[in-house]
Amino acid sequence: ILKIECDKIFPSTRNGQIENEVEGSRLLKQAGIPCPPVTAYDIIGKDFGVRYILTECLSDDWPGIARMEQMDEATKAEVKRQATEILVRISTITNTHFGSLCPSGALGWHKTWNECYRAWFNLLSSGCTSIGLFTDEVLAIVNTAAVTPLAYSGNPAPTFSTADMGWHNMIWGHTSNNPDALHVIDFGNARYILPYMNKHVINNIDAI
């Protein structure tokens with residue numbers, strides 16, 4: 001499976017996707033979470049003039065949710081069990097900073113969540129302003145509203161998040177001669193955030 005990063009991405013908080021894919025895959029594998037093996041990548045575009053990542057194709061390249069109706073009850077139960085285990089393991093991946101996975105990431109590295117949140121907001125606000133999405137009046141309202149979450153005073157450990165975790169990014173399949181297992185894909189927008197932001201995903205596993 002080949003993923004190529006565009007030169008211009010909106011919003012700019014989504015820049016650095018290939019670097020995120022590589023680092024996200026490494027972190028998950030280190031935590032014992034299955035994800036497709038990376039066979040080649042280039043995060044600066046020196047090989048072919050584009051940033052890309054090539055990953056091994058699973059036996060089934062359809063998201064697990066697309067196959068649920070075809071599974072027997074025992075397989076469905078096993079898929080849900082593995083999904084819950086994966087999400088719990090992801091919550092153990094922590095770091096000393098909030099923000100991007102890598103220091104060169106769009107969000108940067110921040111010691112506190114408030115600093116990260118402000119940098120995140122500024123990037124989004126700047127992008128919206130550059131395309132004329134906000135009038136001065138609307139921008140003033142948005143800036144005022146954005147101050148409220150900065151009252152957060154907790155000090156939890158920054159926790160890994162794919163920022164797009166769901167059944168649509170989990171594939172039930174295998175590589176080579178390995179048995180079927182639930183694999184996680186898509187780390188393009190991964191970052192370190194507040195740990196509670198991952199919990200709603202765990203709570204929704206049984207909804208499928």
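Is Phe48 buried or exposed in this predicted model? With a relative accessible area of 63%, Phe48 is exposed, where exposed denotes a relative accessible area over 50%, buried one under 20% and partly exposed the range in between, computed with a 1.4 Å probe on protein chains only. Residues are numbered from 1 along each chain as its sequence is written, and the structure is a predicted model in which local features need a pLDDT of at least 70 and side-chain atom pairs a pLDDT of 80 or more, whereas totals for chains, interfaces and linings use all residues. Side-chain values rest on heavy atoms, with hydrogens and water left out.

Four aromatic pairs are present in the structure, a pair being two rings of Phe, Tyr or Trp (for Trp, the six-membered ring) with centres within 6.5 Å, classed as stacked when the planes are under 30 degrees apart, as edge-to-face when over 60 and as tilted otherwise. Phe48 and Tyr52 make a tilted pair, with 5.7 Å from centre to centre and 50° between the planes; Tyr52, at 10% relative accessibility, counts as buried. Phe160 and Tyr192 are arranged edge-to-face, at 6.3 Å centre to centre and with 75° between the planes. This pair links distant parts of the chain, since Phe160 lies in strand β6 (residues 159–161) and Tyr192 in strand β9 (residues 191–193), 32 residues apart. Phe160 and Tyr192 are both buried. In addition, one aromatic cluster is formed by Phe98, Trp113 and Trp120.

The strands discussed here are DSSP runs of E with at least two residues, and helices are runs of H or I with at least four, both numbered from the N terminus; two strands are taken to pair if DSSP finds at least two bridges between them. An open sheet of four strands, with antiparallel pairing, follows the order β5-β4-β9-β6, and its edge strands, each pairing on one side only, are β5 (109–110) and β6. Strand β4 (residues 98–100) is joined to β5 in the antiparallel sense over two bridges, with Gly99 opposite Trp109 in β5.

An open sheet of three strands has the order β1-β3-β2, again with antiparallel pairing; here β1 (2–5) and β2 (38–42) are the edge strands, each pairing on one side only. The antiparallel pairing of β1 and β3 extends over four bridges, and Tyr52 in β3 is the bridge partner of Ile4.

Pockets and cavities were located on a 1 Å grid over the protein atoms alone: a cavity is a set of points where a 1.4 Å probe fits but cannot get out, a pocket is an open set with protein on both sides within 12 Å along at least five of seven lines, and lining residues have an atom within 4 Å of a point. The largest pocket encloses about 330 Å³ of space. Of its 18 lining residues, Ile1, Pro36, Thr55, Ile185 and Asp186 are the closest to the pocket centre, while α1 (17–30) and β3 (51–55) each supply at least two residues of the lining. By class, this lining comprises eleven nonpolar, two polar and five charged residues, with Ala, Val, Leu, Ile, Met, Phe, Trp, Tyr, Cys and Pro counted as nonpolar, Asp, Glu, Lys and Arg as charged, and the others, including Gly, as polar.

One cavity of 30 Å³ or more is present, and the largest cavity has a volume of about 70 Å³. Its lining includes Thr13, Asn15, Ser100 and Arg191, and divides into three nonpolar, eight polar and one charged residue.

Methods:
Points joined across faces, edges and corners; volume = space filled by probe spheres on them.
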